[in-house]
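Work through the exercises below with the model open beside you. Try each task before you read its solution.

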Amino acid sequence: MTLVIGLTGSIGTGKSTVAKMFKQLGIPVIDADEIARLVVEPGKEAYEKIVETFGEDILQKDRTLDRKKLGAIVFNDEAKRKQLNGIVHPAIRKEMLRQRDKYLQQHVPCVVLDIPLLYESKLEHFVDKVIVVKTSPEVQLERILARDDLSKEEALKRINAQIDVAKKAEWADAVIDNDGTIEETERQLKDILTRWHILTDE
């Protein structure tokens, strides 16, 4: 039996760090963000639908999507954003499930679905168990400001656009507190995977 783990958190909580740790342990990770880029490449069905819906103006010279232009359109127009999500989200889900099922057929012990908006998109039914990576609000803000070129106001806007990470932690099957060192985070992950019989006691 393959255990399907959903990995999520909030912006700046260090979910990508934990995803890397899974890979280092030899556990396959299916990355929703990576798939989101893949499904809108020229020639893909979602790409064709986006061009059909939003026009050729949103293309760069090499015919790839101009994300900035598209972002500017949908960011200021709720209806258009819904339209775009209606094209992209089903394509992402379809590809994630295709990859997940491929691993299930290979009977790997464990596969991870790395989905930033797992709860926001109500995708818990895609996985058997959920791990939430959380930090304190102060550390979260600090990390976003250090990593992204954003003002404090913009950073807070992005944090508040997602469900509060403390709320996600309440819903999760396991929580990794990522306020400490990399070693402490890794120890928590290994403890969870040992408890779930993916890793044996060292």
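α9 lies across β1, β4 and β5 and runs at about 165° to β5. Axes here are lines fitted to C-alpha atoms, for helices over the stretch in contact, and angles run from 0 to 180 degrees between N-to-C directions. Helices (H or I, at least four residues) and strands (E, at least two) are DSSP runs, numbered from the N terminus.

This is a predicted model, where local features need pLDDT of at least 70, side-chain atom pairs count only at pLDDT 80 or more, and totals for chains, interfaces and linings use all residues. Residues are numbered from 1 along each chain as its sequence is written, and side-chain values use heavy atoms, with hydrogens and water left out.

**Exercise 1. The sheet**

Task: Give the strand order of the open sheet and find its edges.

Solution.
Step 1. Read the order: β2-β3-β1-β4-β5, five strands with parallel pairing. Two strands pair if DSSP finds at least two bridges between them.
Step 2. Find the strands with a single partner: β2 and β5 stand at the edges, so one side of each has no neighbour in the sheet.
Step 3. Add the twist. From one strand to the next, the average is 25°.

**Exercise 2. Strand β1**

Task: Identify the partners of β1 and decide whether its residues are buried or exposed.

Solution.
Step 1. Take β3. It pairs with β1 in the parallel sense over five bridges. I5 has V112 as its bridge partner in β3, and G6 stands opposite L113.
Step 2. Take β4. Its parallel pairing with β1 has four bridges. Here L7 stands opposite I131.
Step 3. Sort the side directions. L3, I5 and L7 point one way from β1, while V4, G6 and T8 point the other way.
Step 4. Check burial. Buried means under 20% relative accessible area, exposed over 50%, and partly exposed in between (1.4 Å probe, protein chains only). Six of the six residues of β1 are buried, so the strand is largely enclosed by the rest of the structure.

**Exercise 3. The two faces of α1**

Task: Map the buried and exposed residues of helix α1.

Solution.
Step 1. List the buried residues of α1 (residues 15-24): K15, V18, A19, M21 and F22.
Step 2. Place them around the axis. They cover an arc of only 155°, which puts them on the same side of α1. The arc is that of the directions from the helix axis to the C-beta atoms.
Step 3. Turn to the face away from the buried side. K20 and Q24 are exposed there.
Step 4. Find what the buried residues pack against: β1 (3-8), β2 (29-31), β3 (110-114), β4 (129-134), β5 (174-177) and α9 (182-195). Contact means heavy atoms within 4.5 Å.
Step 5. Look past the helix. G26 follows α1 and has a positive phi, near 80°.

**Exercise 4. A helix pair**

Task: What is the packing angle of α3 and α5, and which residues meet?

Solution.
Step 1. Take the geometry. Helix α3 (residues 45-54) and helix α5 (residues 78-105) pack at about 170°, with axes 10 Å apart.
Step 2. Classify the angle. That makes α3 roughly antiparallel to α5. Under 35 degrees counts as roughly parallel, over 145 as roughly antiparallel, 65 to 115 as roughly perpendicular and the rest as oblique.
Step 3. List the contacts. From α3 come E45, A46, K49, I50, T53 and F54; from α5 come K80, Q83, L84, I87, V88, A91 and K94.

**Exercise 5. Salt bridges**

Task: Describe three of the 15 salt bridges, then find a network.

Solution.
Step 1. Set the criterion: a side-chain nitrogen of Lys or Arg within 4 Å of a carboxyl oxygen of Asp or Glu. Side chains of opposite charge can pair when their charged atoms come close.
Step 2. Take E56 and R63, which meet at 2.7 Å, N to O. E56 is partly exposed at 46%, and R63 is partly exposed at 41%.
Step 3. Take E120 and K168, at 3.0 Å, N to O. The pair links distant parts of the chain: E120 is in the loop between β3 and β4, K168 is in helix α8 (residues 165-171), and they are 48 residues apart. E120 is partly exposed at 23%, whereas K168 is buried at 0%.
Step 4. Take K190 and E186, at 3.7 Å, N to O. Both lie in α9, four residues apart, about one turn of the helix. K190 counts as buried at 16%, and E186 as partly exposed at 26%.
Step 5. Find the network. Salt bridges that share partners join E78, R81 and K82.
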